[in-house]
Structures are given as C-alpha cells and as structure tokens.
Amino acid sequence: MRSIVLTAYGEAPYLTEVAMPEPGTTDVLVRVVAASLNPLDNKLQAGYMDGFFPLTFPSKMGTDVAGIVEKTGSLMSRWRVGDRVVARLAPTAGGAFAEFALVPEDQLVLIPEGIDFDQAAGMPTAAATAWQALFETAGLTAGQTVLIHAGAGGVGSFAIQFAHAAGARVVATASGDGIEIARRLGADQVIDYRAADFASAVSDADVVLDTIGGDTQQKSFGVLRRGGKLITIVSPPDETLAKAHGVEAAFVFHASDGKRLSTVMKEIASKGMSPLIDSTFSLEAFGEAFARQASGRARGKISIRI
Ligand SMILES: NC(=O)c1ccc[n+]([C@@H]2O[C@H](COP(=O)([O-])OP(=O)(O)OC[C@H]3O[C@@H](n4cnc5c(N)ncnc54)[C@H](OP(=O)(O)O)[C@@H]3O)[C@@H](O)[C@H]2O)c1
C-alpha cells in the first residue's frame with residue numbers, strides 16, 4: 001500500500017510503497033477515505049515535538065483519519081467490516097496519510113449520519129481540542145463571553161460553533177475573508193486583528209482561547225475580568241502575568257481520547273454544525289497540502305482524499 005513517509009527531521013515527506021499493516025487482537029484495519037492535516041504535522045516533521053513525540057524513522061505521517069473498517073484483529077471485535085469510522089492516531093505512530101491505517105479499537109468512533117468523510121477527518125484533533133479547552137478546562141457556560149483567537153483556523157472554527165451553540169457570547173479575531181467566515185460560524189463580534197488592537201476592543205471576557213501564543217497571549221490577559229480564564233493550546237502561560245491580572249491560566253495539551261471524540265461528533269451532528277474545509281488534496285499532491293498547512297493561513301481544515 002502507499003503511505004506518506006518521513007525519513008528524517010526536516011526532510012520533505014514523500015509518497016512511497018510500505019508494507020500492508022496487519023491488525024493485532026486489539027486493532028482494526030481501516031481503509032482510509034480522508035485524512036486531515038494539523039499544524040502538529042509540520043511541527044513533527046521539523047523535529048520541534050521530539051521531546052513529546054519522538055519519531056523513529058522511517059515514520060508514517062498523519063494523525064486524523066476517517067474511513068471504512070476493512071478487517072478486525074479479533075473475531076470478538078465490536079467493529080464490523082464496512083463501519084464508517086474516524087480516529088486520532090498517536091503522533092508517534094502516524095499512518096493517516098496512507099491507503100490503510102491501523103487503529104487501536106478503543107480510539108475508533110462511528111461517524112454519525114450526515115457527516116461525510118472529509119468533514120469527519122477534520123475533527124479528531126481540532127474539534128476535540130476546542131471542546132477540551134472550552135468546556136472541560138474553562139467550564140464555559142451560557143451567557144459568558146469568550147474571546148477566540150484565529151476564529152477562521154482549524155481549532156477556532158470549531159470553537160466558535162461550540163461556544164455559540166452553548167449560548168456564550170462569542171468574540172473572535174480574524175483577518176481578510178476570515179472575518180466573514182467567523183461571523184457565519186456564529187461569532188457575535190469579529191475583530192480584524194491586522195487593523196485593530198483586539199486588547200482595546202474587548203474587556204471583561206470570562207474566557208480567552210489562545211491559539212496563537214507570544215504577544216497575542218501576553219495581551220490577552222488584559223481582556224479578562226478578574227477571575228476569568230485564559231486557556232492556551234500553544235505554549236505554557238505566563239503565571240506571573242496571570243497572577244498580576246487576577247486570572248487563571250491553563251495549558252491544554254490534547255491527548256487522543258475516543259470517548260471525547262464520540263461526544264464531539266454527536267454534538268456536531270445533532271446541532272447541524274458544518275465543519276469548515278479549507279481545501280482538499282490528493283495523496284499525490286501531499287506536498288501542496290503540507291505547504292498550505294505550514295502557511296498558517298488555512299480557513300478551517302485541509303483534507304487529503306485517498
Ligand atoms: N495543545 C494542543 O493540544 C493543540 C491542539 C491543536 C492545535 N494546537 C496548536 O494550536 C495552534 C492553532 O491550530 P489550528 O489548527 O487552529 O491552526 P491553523 O488552522 O493553521 O490556523 C490558521 C488560522 O490562524 C489565523 N491567524 C494566524 N495568525 C493570527 C493572529 N495573530 N491572530 C488571529 N488569527 C491568526 C489565520 O488567519 P489569517 O490568515 O487571517 O491570519 C488562519 O485562519 C497551532 O499552533 C497548533 O499547533 C495545539
């Protein structure tokens with residue numbers, strides 16, 4: 001079968017023939033229909049994540065996968081050949097950008113009706129991280145105000161929809177056509193971060209979702225009410241600044257969790273949310289998809305159709 005493979009940090013990932021994986025007793029073999037990219041793929045390739053996710057080379061790439069069950073490793077499996085499934089693979093194992101992927105049974109989730117493979121493939125990392133940050137860590141509730149940075153990005157586009165559906169007042173940052181996209185997704189107010197200082201436009205927010213880090217994170221402390229919460233998914237927050245502003249700060253590091261993914265998929269399906277797809281590429285054009293993800297300009301998710 002064919003897979004995108006990386007042979008060393010910093011090298012260009014490429015498409016090549018690899019051995020067909022065989023499921024062990026707790027695995028399922030999935031015929032991949034779609035996979036999505038994340039900034040994590042660029043960071044893994046560059047070697048930035050070596051401290052958390054050390055790769056052994058040659059390494060198959062890709063974490064977010066959607067497809068059809070081809071074969072189960074055990075006759076007792078609760079999965080059936082032909083099931084439509086989605087999963088997040090361990091970053092150290094990879095294997096989503098391939099014709100077939102080996103998935104641990106407990107990481108598989110059924111794709112609800114009404115969600116197609118490209119949409120499903122976009123959810124495991126981005127949607128589940130947005131959910132974890134907003135509800136499990138920040139405890140966002142109806143009536144609260146949340147500032148979501150990069151509202152047109154992979155995580156931000158899901159976060160806006162989740163927060164809006166939960167009855168929160170949503171403020172988002174975006175630029176260019178991202179402004180209209182963020183509005184359409186449910187943001188009540190969108191700040192063009194290139195034209196205006198978001199820190200002057202927002203005050204007394206209950207929650208900030210920081211998807212940018214650096215200066216954006218530093219300035220975000222000032223838009224919170226006392227006791228508010230800054231949740232960052234990019235870099236550990238500055239505790240001294242948090243104390244100085246009288247707010248809480250937390251770093252969310254998303255871990256694959258089939259249960260959470262199942263909850264998130266059901267929420268998206270039942271509320272009729274539409275995952276934002278930036279672009280779709282073939283496996284042969286993976287290099288273009290990888291460059292598009294690395295640009296940092298995506299509107300929603302970049303999909304690979306196998
Ligand atoms: N901790 C975790 O577990 C975890 C999980 C998922 C993601 N992450 C990290 O979170 C970050 C975001 O991920 P993602 O998938 O959402 O990325 P993404 O889809 O690549 O984000 C792209 C979006 O960011 C916007 N953007 C760039 N700079 C901006 C700024 N200064 N202010 C506002 N918007 C800006 C771009 O809009 P413009 O083109 O208009 O600038 C674009 O729409 C990445 O660093 C990723 O690695 C961490």
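## Salt bridges, a pocket and a histidine

Let's start with a trio: Arg2, Glu99 and Glu284 are joined in a network of salt bridges. A salt bridge here is a side-chain nitrogen of Lys or Arg within 4 Å of a carboxyl oxygen of Asp or Glu. Side chains of opposite charge can pair when their charged atoms come close.

A word on the ground rules. This is a predicted model, where local features need pLDDT of at least 70 and side-chain atom pairs count only at pLDDT 80 or more, while totals for chains, interfaces and linings use all residues. Residues are numbered from 1 along each chain as its sequence is written, and side-chain values use heavy atoms, with hydrogens and water left out.

**Salt bridges**

The structure has twelve salt bridges. Here are some of them:

| Pair | Closest N to O |
|---|---|
| Glutamate 99 and arginine 2 | 3.1 Å |
| Glutamate 70 and arginine 31 | 3.4 Å |
| Arginine 292 and aspartate 278 | 2.8 Å |

In the salt bridge between glutamate 99 and arginine 2, the partners come from distant parts of the chain, 97 residues apart: glutamate 99 sits in the loop between strand 6 (84-88) and strand 7 (100-104), and arginine 2 in strand 1 (residues 2-6). Helices (H or I, at least four residues) and strands (E, at least two) are DSSP runs, numbered from the N terminus. Glutamate 99 is partly exposed at 21% relative accessibility, and so is arginine 2 at 24%. For these labels, buried means under 20% relative accessible area, exposed over 50%, and partly exposed in between (1.4 Å probe, protein chains only).

Next comes the salt bridge of glutamate 70 with arginine 31. Glutamate 70 belongs to strand 5 (residues 64-72) and arginine 31 to strand 3 (residues 27-36), so this pair ties together parts 39 residues apart in sequence. Glutamate 70 is partly exposed at 36% relative accessibility, as is arginine 31 at 37%.

**Pocket and cavity**

The largest pocket holds about 1300 Å³ of space. Of its 50 lining residues, Pro39, Lys43, Thr211, Ile233 and Val234 are the closest to the centre. Helix 1 gives the most to this lining, with four residues. By class, the lining has 23 nonpolar, 18 polar and nine charged residues.

There is also one cavity of 30 Å³ or more. The largest cavity encloses about 60 Å³, and its lining includes Leu6, Asp41, Leu44 and Met61. Helix 1 and strand 4 (59-60) each supply at least two residues of that lining.

How are these spaces found? On a 1 Å grid over the protein atoms alone, a cavity is a set of points where a 1.4 Å probe fits but cannot get out, and a pocket is an open set with protein on both sides within 12 Å along at least five of seven lines; lining residues have an atom within 4 Å of a point.

**Histidine 149**

Finally, look at histidine 149, in the loop between strand 9 (145-148) and helix 4 (154-165). Is histidine 149 buried or exposed? Histidine 149 counts as buried, because its relative accessibility is 2%. Its side chain makes a polar contact (N or O atoms within 3.5 Å, one able to donate a hydrogen and the other to accept it) with the side chain of serine 220, at 2.9 Å. Leaving aside neighbours within four places in sequence, histidine 149 is in contact with several residues, among them Gly156, Thr173, Phe198, Asp210 and Ser220. Contact means heavy atoms within 4.5 Å.

Technical notes
Points joined across faces, edges and corners; volume = space filled by probe spheres on them. Nonpolar A, V, L, I, M, F, W, Y, C, P; charged D, E, K, R; others polar.
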